[in-house]
Amino acid sequence: MTSTVAAGTDRPTSTPAIDLLEGRRVLRRLPGDGAERCPSTTSETASETAFELIPVGATLGAEIRGVDLAHTDAALRAEIHRALLEWKVLFFPGQDMAPADQRDLARHWGELETNPLLEQGDDPATVRFTKGGDGPQTYENIWHADTTFRPNPAMGAMLRMIEAPPRGGDTMWADMAAAYDNLDPDVLARIDGARAVHDMVPGFVRFLPEDKLERLQHVFPPVRHPVVRTHPETGRRTLYVNGAFTTRIEGLEQAESDALLRHLFAQAHVPEYQVRYRWAPGTVAFWDNRATQHYAVGDYHPHRRVAERVAIAGDRPF
C-alpha cells in the first residue's frame, strides 16, 4: 500500500487516496484450487436437482428457484447450506412466508440472535427495517458485516422483503475472501495475526437517542477479533474488518492503524468482489455473515422499503 516512484522520474505510480490498482484480480468462488463445489453437507440421499441455481455474481450470489422455504426437509436444507458455503449469499424469489415461518426456518441453522439496537418485527425473533417515505432514511448504506461488535457475531441472516420501492433500494454484498486473496504481500504480512477492536458506537451514534446509546454501550462493550478470520466450515481466510464497527488495530499507533484500516475497508468497494440484487416483495436473501459484507443502497426516497430480518448467532472468530 506504499506509493512508489516510477524509474527515471519523480512521478508516483499510484494514487494515495485509495491505493487500489487496476489489473487482473484473482476471483475464486471456492476454497481450493481445482475444487468444483464446496464440501457437501448433504446425506447420500440428497438430490443434486433439489432446486434450480442461477449464478448472479462471479464469486458470490446465486438465485434459487423451485424451493418453498416455508416447507423444507433436512435434505433440502443441507443442500441449501452447501450452496450457501459456495455462493455466500442466496436469493429466493416468490416466497410466501409468515414471520413465524422465517423464524422457524432460521432456527435450523442455530440459535437466533436478538438485537435491542433495532426495531422489533412482527415476531420477537425478527427485526424490522422500515425506511424511506416519511420515516427514517437507511443507515445500512455503509459496507459492514452484522454485529461484529459482539464476542460471537452473527453466523448469517435471512432477510424477507415485504415492501420494495418501485426503483432503487438494492442491496450489495462483497466477498471478503476474494478481498483477502488480492491483498499485496506486504499488507498480508502486516495483518497476519493482528487483532482489531470492534465497537457498536460508531455504527449507531448518529441514529439512537442519547439515553439509549448510553445504556447499550454497557450491554455491548468493545470486543477484539482477528483482522483475518478463518471460516469455520470452508477454511478460507477472510478479511474481517469493516467501516461501521472496526475502530483500530491493536499494537499500532493511531495514525498507522487508521491508514491501514482505510486501505482494508476500501477492499469491499472493488466491483469484482461484489454482487448487487434488485428486490421484489416476497424475496428472501440468506447470507453468510462470516464471509461477506453488505451495503443497503439508500436511493429510493420518497418511496418506502420494508423488510424483516432474522439473524443466526455465530461462533467466536479465529
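Reader: Which helices and strands each supply at least two residues of the lining of the largest pocket?

Author: Four elements do so: β7 (171-175), α5 (201-204), β15 (292-296) and β16 (304-312). The largest share, three residues, comes from α5. These names stand for DSSP runs numbered from the N terminus, with helices being H or I over at least four residues and strands being E over at least two. On that basis the protein chain has seven helices and 16 strands. Please keep in mind that this is a predicted model, where local features need pLDDT of at least 70, side-chain atom pairs count only at pLDDT 80 or more, and totals for chains, interfaces and linings use all residues. Residues are numbered from 1 along each chain as its sequence is written, and side-chain values use heavy atoms, leaving out hydrogens and water.

Reader: Why is this called a pocket and not a cavity?

Author: The words rest on a 1 Å grid over the protein atoms alone: a cavity is a set of points where a 1.4 Å probe fits but cannot get out, while a pocket is an open set with protein on both sides within 12 Å along at least five of seven lines. The volume is the space filled by probe spheres set on the points, which are joined across faces, edges and corners. For the largest pocket that gives about 410 Å³.

Reader: What makes a residue part of the lining, and which ones lie nearest the centre of the largest pocket?

Author: A lining residue has an atom within 4 Å of a point. The largest pocket has 28 of them, and Y139, E140, H144, D146 and H294 lie nearest its centre. By class the lining has 15 nonpolar, eight polar and five charged residues; here Ala, Val, Leu, Ile, Met, Phe, Trp, Tyr, Cys and Pro count as nonpolar, Asp, Glu, Lys and Arg as charged, and the others, Gly among them, as polar.

Reader: What makes F149 and F204 an edge-to-face pair?

Author: Phe, Tyr and Trp rings (the six-membered ring for Trp) pair if their centres lie within 6.5 Å, and planes under 30 degrees apart are stacked, over 60 edge-to-face and the rest tilted. That rule yields eleven aromatic pairs. In this one the centres of F149 and F204 are 6.2 Å apart and the planes stand at 90°, so the pair is edge-to-face. F149 sits in the loop between β5 (127-132) and β6 (156-163) and F204 in helix α5, so the pair ties together parts that are 55 residues apart in sequence.

Reader: How do you know whether F149 and F204 are buried or exposed?

Author: Buried means under 20% relative accessible area and exposed over 50%, with partly exposed in between, using a 1.4 Å probe and protein chains only. F149, at 2%, is buried, and F204, at 6%, is buried too. F149 also forms an edge-to-face pair with F220, 5.3 Å centre to centre and with 80° between the planes. F220 lies in the loop between α6 (210-219) and β9 (223-226), 71 residues from F149. With a relative accessible area of 8%, F220 is buried.

Reader: How do you know that the length of α1 is close to what is expected?

Author: The expected span of a helix is 1.5 Å times one less than its number of residues. Helix α1 (residues 74-87) has 14 residues and reaches 20 Å from its first C-alpha to its last, close to the expected 20 Å. Twelve of those 14 residues are buried. They pack against β1 (52-55), β2 (62-65), β3 (89-92), α2 (99-107) and β14 (284-288), where contact means heavy atoms within 4.5 Å.

Reader: What makes K88, just after α1, worth a look?

Author: K88 has a positive phi, near 75°, in a residue other than glycine. Most residues other than glycine have a negative phi, and most peptide bonds are trans. K88 lies in the loop between α1 and β3 and is buried at 3% relative accessibility. T147 likewise has a positive phi, near 50°, and is buried at 4%. The peptide bond from H301 to P302 is cis, with omega near 10°, and P302 lies in the loop between β15 and β16.

Reader: Why is D96 called buried or exposed?

Author: D96 has 68% relative accessibility, so it counts as exposed. D96 is in the loop between β3 and α2, and its C-alpha atom is 6.3 Å from that of G282, 186 residues away along the chain.
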